[in-house]
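Work through the two exercises below with the sequence and the model side by side, and try each task before reading its solution.

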Amino acid sequence: MSAVVGGLRRAVSRVVPSVQASSALPTLVGQPTHESHPELLAPGELAPGIQASEFAARRASLAARMPLGSCALVPATAVAYMTGVIPYPYRQDADFLYLTGITQPGAVALITAGQGDMVLFVTDPDETRERWDGARCSAAAATDVFGAVAAYPMSELPRQLPRMLGSSSAVYYDAGRHASSELRALSTAELGVREGALRALRTLTHAARWRKSPGELALMARSSALAEAGLLRAMRQSGAPGVGEHHLAAGFERDCRWGGAARMAYPPVVASGADACTIHYSRNDKALAPGSALLFDGGCELHGYCSDVTRTWPVGGRFSPAQRDVYQVVHGVQQQLLEWCRPGATLRQLHEQSVRLLAEGVSDLGLLPGRSAGTIAQGAIRAFYPHSVGHWLGLDTHDVPGVAHDTPLQPGVTLTVEPGLYISDQERYGALAGIGVRIEDVVQINDSPGCSVLSRSVPTDADSIEEFIARGRGEGEPELP
């Protein structure tokens, strides 16, 4: 591949001469830069707190893990359409964003083993299209801003890419991912990939994305802070007359987006009453009933980085005795799990501990008379606790699934810790019927102490929740970060 890359470097002068003179115009980049958004980005940054040099280092790290003579093919996400010419809001592929810093569609990156040189295919210049959709990354921006050694218009991809890939001993490419239409139109044979040379890219990128850099951790903390502010406001507003689940969902999204988030990390769950027992309840269409408990699971995406926080609180400001009993079980379990979040532990171990502890809680609550906690943990617990205790968190909400749950935790890893109990609305459960509780925090693993809770400003202790709601009725709204 080195000969190919050398040729591509020589090709830059003939590929982009018509746009070199205009490359200083920020509109030709197709996304914020320091020149166009100095209030957002410092010189050299492609994302707040993350320099272009960090993206280059990520590519170099990926390249060092690939055998010489191989390459990685990484496409941007294709635009998806609701109907006709109306697109869904665009969201970039996490691997492509991690390696390039490009937030826009219409690009394909080729990264070669060795030093991690990158070739970019970008959208062909089209003045008519740009009048409707705005400018996209030009070939000049591909090299000058994003660090490509060469750039080609996308129309050249069917001719140039097979030549590049044909000389590669291995091609790391997740063929099933949502790639550009130009790339989807070509089979692996038409791409020039040798038989047996295709490898899964995610095996390399997921391992790299698992541990976060200081810049990434700062964005994770900011994303979590936005979710915290939205939840705090929802806690205070939930007891007002006429408030419904949809009001709180809308207010949460408003707070997050006002603070800079591009979108929700997932559809928020605003589940009051027995609907709290539906894990991914998303209708959010009921009025809040006095005396009910409310489970709110919300997160946002800030410059690519996701938050995911859940709290459960009483709509009227006071837990009923039954609600408090269930809540105390879940809160106690979560506090113990946070103490075990340290380097060397595994997510699987945390889950196993959560099953054991919650089974004890189910036994203590009398939900399964005559069964011991040990017996409940063997299987019956799934009726009350059907999900994992957590997941990796980062550029995706359920981040890097290629990293196994039995991988020892390391400093720089971020995950959620979210035990819960969900008691179906059946008469046999008496006063506990229809109570669902989940408490979820964003956790960062450190050297010492073992972890930091990035969403710690939203209270989890039952007494503190009641005090916050009562105090909030006489105060103004919480400030956004």
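The exercises that follow treat one strand and one pocket.

The model is predicted, so local features need pLDDT of at least 70, side-chain atom pairs count only at pLDDT 80 or more, and totals for chains, interfaces and linings use all residues. Residues are numbered from 1 along each chain as its sequence is written, and side-chain values use heavy atoms, with hydrogens and water left out.

**Exercise 1.** Determine how strand β3 is covered and which strands it joins.

Solution. Begin with β3, residues 71-75 (a strand is a DSSP run of E of at least two residues, numbered from the N terminus), where five of the five residues are buried, meaning under 20% relative accessible area with a 1.4 Å probe, protein chains only. Next, sort the directions: C71, L73 and P75 point one way, while A72 and V74 point the other way. In a regular strand, side chains alternate between the two faces of the sheet. Finally, look at the partners (strands pair if DSSP finds at least two bridges between them): five bridges join β3 to the antiparallel β6, residues 107-112, with P75 opposite V108, and two bridges join β3 to the parallel β9, residues 171-172, with A72 opposite Y172.

**Exercise 2.** Describe the lining of the second largest pocket by residue class.

Solution. Count the classes to find 17 nonpolar (Ala, Val, Leu, Ile, Met, Phe, Trp, Tyr, Cys and Pro), seven polar (the others, Gly among them) and four charged residues (Asp, Glu, Lys and Arg) in the lining of the second largest pocket.

Notes: Buried means under 20% relative accessible area, exposed over 50%, partly exposed in between (1.4 Å probe, protein chains only). Helices (H or I, at least four residues) and strands (E, at least two) are DSSP runs, numbered from the N terminus.
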